[in-house]
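I opened this model to write down what its backbone and its packing show, element by element. My entries follow the order in which I looked things up.

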Amino acid sequence: MIRKEGKARWVFTCEECAVHATYPDHFRAIERKQRHVQTFKHFGNSIGATVRETFQPLMDAFGWGRLAPWQEQAFARSLWEDLK
Ligand SMILES: [Zn+2]
């Protein structure tokens with residue numbers, strides 16, 4: 001999300017990734033946002049809840065318990081590869 005906090009003070013924030021960056025102009029803030037949303041880190045953070053909702057029932061069905069963080073990462077990575 002980009003918002004203007006004052007004169008020559010544009011702030012880009014991403015809640016999921018705890019990113020907070022300040023820029024003197026709107027253009028640079030937009031550029032930063034575009035670069036950020038294309039990163040795997042952002043994708044992984046925003047898809048995390050979906051990954052859990054999608055795969056946790058399967059894990060439960062097989063009695064495998066909770067998804068480990070590395071498994072969430074692996075599922076997010078494979079979705080990421082598919083979408084590219
Ligand atoms: Zn993000």
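**Strands and hairpins**

I began with the hairpin of S2 and S3, where four residues lie between the strands and Ala18 takes a positive phi near 55°. I am working from a predicted model throughout, and I keep that in mind for each entry.

For the pairing of these strands, I noted that S2, residues 9–14, and S3 are antiparallel and are joined over five bridges. Two of the partners I looked up were Cys14, which is bridged to Val19 in S3, and Phe12, which stands opposite Ala21 in S3.

I then turned to the other hairpin, made by S1 and S2, and found two residues between the strands, with Ala8 in the turn at a positive phi of about 50°. S1 and S2 also run antiparallel, and here I recorded four bridges, while Arg3 has Val11 in S2 as its bridge partner.

Putting the strands together, I get an open sheet of three strands in the order S1-S2-S3, with antiparallel pairing. Its edge strands are S1 (2–6) and S3 (19–23), each of which pairs on one side only. From one strand to the next I noted a twist that averages 25°.

**The helix on the sheet**

Which strands does H1 lie across? I found that H1, residues 26–37, lies across S1, S2 and S3, and that its direction is at about 15° to S2.

**H2 and H3**

I next followed H2 and found a kink of about 50° centred on Ile47. After H2 comes Gly63, whose phi is positive, near 70°.

At what angle do H2 and H3 pack? For H2 (residues 40–61) and H3 (residues 69–83) I have an angle of about 110°, with the axes 8 Å apart. Because angles of 65 to 115 degrees count as roughly perpendicular, I entered H2 as roughly perpendicular to H3.

I then listed the residues that meet: from H2 they are Phe40, Phe43, Gly44, Ile47, Gly48, Val51, Arg52 and Phe55, and from H3 they are Glu72, Gln73, Phe75, Ala76, Leu79 and Trp80. Sorted by character, the residues of this contact of H2 with H3 are nine nonpolar, three polar and two charged. I marked Ile47 here a second time, since this residue of H2 is in the list of those that meet H3 and is also where the kink is centred.

**The two domains**

Last, I looked at how the protein is divided, and I have domain 1 as 2–37 and domain 2 as 40–83. Between the C-alpha centres of domain 1 and domain 2 I noted 28 Å. How many residues does the contact take from each domain? It takes five residues from domain 1 and four residues from domain 2. On the side of domain 1 that touches domain 2, I counted three nonpolar residues, one polar and one charged.

Key: Residues are numbered from 1 along each chain as its sequence is written. This is a predicted model: local features need pLDDT of at least 70, side-chain atom pairs count only at pLDDT 80 or more; totals for chains, interfaces and linings use all residues. Two strands pair if DSSP finds at least two bridges between them. Axes are lines fitted to C-alpha atoms, for helices over the stretch in contact, and angles run from 0 to 180 degrees between N-to-C directions. Two residues are in contact if their C-beta atoms, placed from the backbone, lie within 7 Å. Angles under 35 degrees count as roughly parallel, over 145 as roughly antiparallel, 65 to 115 as roughly perpendicular and the rest as oblique. Ala, Val, Leu, Ile, Met, Phe, Trp, Tyr, Cys and Pro count as nonpolar, Asp, Glu, Lys and Arg as charged, and the others, Gly among them, as polar. Domain bounds come from an automatic or database domain assignment. The bend at a residue is the angle between axes fitted to the seven residues ending there and the seven starting there.
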